[in-house]
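Trainee: Before I use these terms in a report, I should like to see how each label is justified. May we go through them one at a time?

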Amino acid sequence: MQLELRHLQAVCQIADSGSLGGAARRLGVSQPALSAQLRRIERVTGGELFVRGRHGVEPTPLGRFVLTKARRVLTEMETLGAETRAMATDAPLRLGCILLVLIDGLLTRTDLTPAGREITVDVEHSVTALVRMLGAGRYDVILYGEVNDHEVALPRGILARTLVPKEPFCVRMSTRHPLAEREVLDLAELADEQWMTLVEDDDGGPEALVEACAKAGFAPSLRYRITDRKMRHDLVAAGRAISLTQPTAPPVEGTVMRPLLGTPITGRIRLAWNRAAVSAAQADTLYRAAAAAYLANVDNNAFHRAWWNAHPEAHPVLG
């Protein structure tokens with residue numbers, strides 16, 4: 001076996017994380033798989049690279065030597081990637097995203113061609129996969145969400161900027177629902193409902209819903225997991241389920257959206273990019289376009305406009 005860049009990245013990630021478990025989560029692999037990979041790397045380097053210490057794993061003298069060389073090689077590769085992509089001005093900028101409400105508006109904007117580069121867009125249903133592909137060079141920039149205190153670990157060489165630090169999730173239900181006329185819902189009142197499972201299961205959303213419901217005294221019945229947006233809306237309109245949704249979501253015939261008392265579940269929207277492929281100016285252009293797309297949806301629901309006006313700390317930083 002010969003050492004490859006992915007092996008050097010794994011070694012650096014283990015050192016940065018301080019544990020195999022933490023490194024495995026950041027790399028999007030299982031801990032046993034990473035342990036096996038480390039053993040193969042150590043056979044090539046001729047000795048142990050890490051030992052278990054009081055605060056996790058620590059590099060051995062050989063490990064420190066390999067880390068120094070690995071970081072130098074990875075930095076040179078990042079520089080090479082940045083310079084070659086900068087020269088290839090006709091190369092498209094590859095954007096990956098989770099199906100956030102603002103994506104529809106973002107794709108219609110005419111200022112999304114920074115420095116004359118075309119943009120390709122792919123939608124994923126896994127934040128973990130999205131981040132892994134960003135680190136692997138499949139995407140140049142990604143737009144994704146996090147729920148409550150969940151933080152997505154980003155690979156080395158990736159920069160990120162928070163677009164919306166906080167937005168209160170609300171509930172979409174049928175207009176025929178007995179609680180549809182209420183202006184605000186207490187989560188405890190929804191204990192007997194059938195819930196639409198969140199499409200993304202690795203952004204902290206499912207855990208946040210279960211935790212919030214537990215505090216309200218019940219375990220949610222998660223019945224449907226459907227990625228097709230129209231089918232989800234049809235099921236809700238028919239009264240067969242309720243769902244969590246972003247407060248900027250547009251009206252849908254046969255459904256209403258209501259905020260939750262105390263905002264027990266909140267979202268956060270972030271933009272992340274590979275600094276080897278996206279310049280600071282291009283990242284800023286994308287950030288401003290995404291912010292404009294989000295702001296265009298704030299008035300979709302009067303309750304969110306009122307919340308938004310009362311929480312300026314949640315606004316995108318455009319200065």
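**Labels and their grounds**

Mentor: Let us begin with a loop: N148 is found in the loop between β5 (141-147) and β6. Please keep in mind that this is a predicted model.

Trainee: What makes the phi of N148 worth noting?

Mentor: Most residues other than glycine have a negative phi. N148 is not a glycine, yet its phi is positive, at about 50 degrees. T263 is a further case, with a positive phi near 40 degrees in a residue other than glycine. T263 lies in the loop between β11 and β12 (266-274).

Trainee: Why is T263 called partly exposed?

Mentor: Buried means under 20% relative accessible area and exposed means over 50%. T263 has a relative accessible area of 27%, so the value falls in between and the residue is partly exposed.

Trainee: Why, then, is F50 called buried?

Mentor: F50, which is found in strand β1, has a relative accessible area of 8%. The limit for buried is under 20%, so F50 counts as buried. Leaving aside neighbours within four places in sequence, F50 is in contact with V11, I14, A15, L38, E42, V57, E58, P59 and T60.

Trainee: How do you know that the length of helix α3 agrees with expectation?

Mentor: Helix α3 covers residues 31-45, which is 15 residues. At 1.5 Å a residue the helix should span 21 Å, and its end C-alpha atoms are 21 Å apart, so the two values agree.

Trainee: Which residues of α3 are buried, and what puts them on the same side?

Mentor: The buried residues of α3 are L34, S35, Q37, L38, I41 and E42. They cover an arc of only 165 degrees around the axis, and therefore lie on the same side of α3. The buried residues of α3 pack against α1 (5-17), α2 (20-27) and β1 (50-53). The face turned away from the buried side carries the exposed residues P32 and R43.

Trainee: Why is S30 said to cap α3?

Mentor: A side-chain oxygen of S30 lies 3.2 Å from the backbone nitrogen of A33, at the N-terminal end of α3. A polar contact requires N or O atoms within 3.5 Å, so this pair meets the distance limit. Just after α3, G46 takes a positive phi of about 90 degrees.

Trainee: What makes β10 and β11 edge strands?

Mentor: Three strands form an open sheet in the order β10-β7-β11, with antiparallel pairing. β10 (243-245) and β11 (255-259) each have a single partner strand, so one side of each is left without a neighbour in the sheet. The twist averages 40 degrees from one strand to the next.

Trainee: How do you know that β7 and β10 pair?

Mentor: Pairing requires at least two bridges. Three bridges join β7 (residues 170-174) to β10, so the two strands qualify as a pair. V171, for example, has L244 in β10 as its bridge partner.

Trainee: Why is H304 counted as buried, and how do you know that the buried residues of α10 line one face?

Mentor: H304 has 0% relative accessibility, and buried means under 20%, so the label holds. In α10, H304, W307 and W308 are buried. Seen down the axis, these buried residues fall within an arc of 100 degrees, so they line one face of the helix. Their cover includes β6 (158-168) and α9 (280-295), whereas the face turned away carries the exposed residues A302, N309 and A310.

Terms used
Residues are numbered from 1 along each chain as its sequence is written. This is a predicted model: local features need pLDDT of at least 70, side-chain atom pairs count only at pLDDT 80 or more; totals for chains, interfaces and linings use all residues. Side-chain values use heavy atoms; hydrogens and water are left out. Helices (H or I, at least four residues) and strands (E, at least two) are DSSP runs, numbered from the N terminus. The expected span of a helix is 1.5 Å times one less than its number of residues. Buried means under 20% relative accessible area, exposed over 50%, partly exposed in between (1.4 Å probe, protein chains only). The arc is that of the directions from the helix axis to the C-beta atoms. Contact means heavy atoms within 4.5 Å. A polar contact is a pair of N or O atoms within 3.5 Å; within protein, one must be able to donate a hydrogen and the other to accept it, and residues adjacent in sequence count only if both atoms are side-chain atoms. Axes are lines fitted to C-alpha atoms, for helices over the stretch in contact, and angles run from 0 to 180 degrees between N-to-C directions.
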